[in-house]
Amino acid sequence: MKDDKLDQLARIWGMSVELMLKTYQSDSLVPGICMNEGCDFATEVEPDTRASWCEECRNRTVTSALVLAGRI
Ligand SMILES: [Zn+2]
């Protein structure tokens, strides 16, 4: 599930998972995606985000790419 979401987020961002993680590894804002199945809401979040607001689900379900990848 986590890997699926990471892949999905990279597709939305238009880059490979590897490039996305490399590009954003030391940025103050990084890509994040909603963890709910069937929701592909993506936005920029702080690197350590685990429960940010999803505008689609109206819930705190957005997790950052770095957290998804286990980099944080
Ligand atoms: Zn959502």
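# A tour of the predicted model

Start with the whole chain in cartoon view: from the N terminus on, the elements of the protein run α-α-β-β-β-β-α. This is a predicted model. The radius of gyration is 11 Å, close to the 11 Å that the globule rule gives for 72 residues, so the protein is as compact as a globular protein of that length. Reduce the view to the C-alpha trace, which spans about 30 × 20 × 20 Å along its principal axes. Colour by burial next: buried residues make up 28% of the 72 residues. If contacts with a separation of 6 or more are drawn, 38% of them are between residues 24 or more positions apart.

**Helix H1**

Select helix H1 (2-13). H1 has twelve residues, and from its first C-alpha to its last it reaches 16 Å, close to the 16 Å expected at 1.5 Å a residue. Show the side chains of Lys5, Leu6 and Leu9, which are buried in H1. Looking down the axis of H1, the buried residues fall within an arc of 100°, so they line one face of the helix. Turn to the other side of H1 to find Asp3 and Asp4, both exposed. To see what covers the buried residues of H1, add elements including H2, E1, strand E2 (42-45) and H3. Then step just past the end of H1 to Gly14, where phi is positive, about 75°.

**The core**

Which residues have the most contacts inside the largest nonpolar core? Select Tyr24, Val30, Cys34, Val62 and Ala65; the core they belong to has 14 residues. Helix H1 (2-13), helix H2 (17-24), strand E1 (30-34) and helix H3 (65-68) each give two or more residues to this core. In soluble globular proteins, nonpolar side chains tend to be buried together.

Keep Cys34 selected and show its surroundings. Leaving out residues up to four places away in sequence, Cys34 touches Cys39, Phe41, Cys54, Glu56, Cys57, Thr61 and Val62.

**The strands**

Now show backbone atoms for E1 and E4. E1 and E4 pair in the antiparallel sense, over three bridges. One place to look is Ile33, which stands opposite Thr63 in E4. Move to the other pairing of E4, the one with E3: these two strands run antiparallel and are joined by three bridges. Here Cys54 has Asn59 in E4 as its bridge partner.

**The turn at Arg58**

Where is Arg58? Arg58 is in the loop between strand E3 (52-54) and strand E4 (59-64). The hairpin of E3 and E4 has four residues between the strands, and in it Arg58 takes a positive phi near 55°. That is a positive value in a residue other than glycine. Is Arg58 buried or exposed? Arg58 has 8 C-beta neighbours inside 10 Å, so Arg58 counts as exposed; the cut-off for exposed is 12 or fewer.

**Ala51**

For the last stop, select Ala51, in the loop between E2 and E3. Ala51 has 13 other C-beta atoms within 10 Å and is therefore partly exposed. Leaving out residues up to four places away in sequence, Ala51 touches Arg60 and Thr61. Finally, draw a C-alpha to C-alpha distance from Ala51 to Met35: the two are 9.2 Å apart in space and 16 residues apart in sequence.

How values were computed: Residues numbered from 1 in each chain as written. Predicted model: local features only at pLDDT ≥ 70, side-chain atom pairs only at ≥ 80, totals over all residues. Rg over C-alpha atoms; globule rule 2.2 N^0.38 Å. Buried ≥ 20, exposed ≤ 12 C-beta atoms within 10 Å, placed from the backbone. Contact = placed C-beta atoms within 7 Å. Core = buried A, V, L, I, M, F, W, Y, C linked by C-beta atoms within 7 Å. Pairing = 2+ DSSP bridges. Expected span 1.5 Å × (residues − 1). Arc of directions from axis to C-beta.
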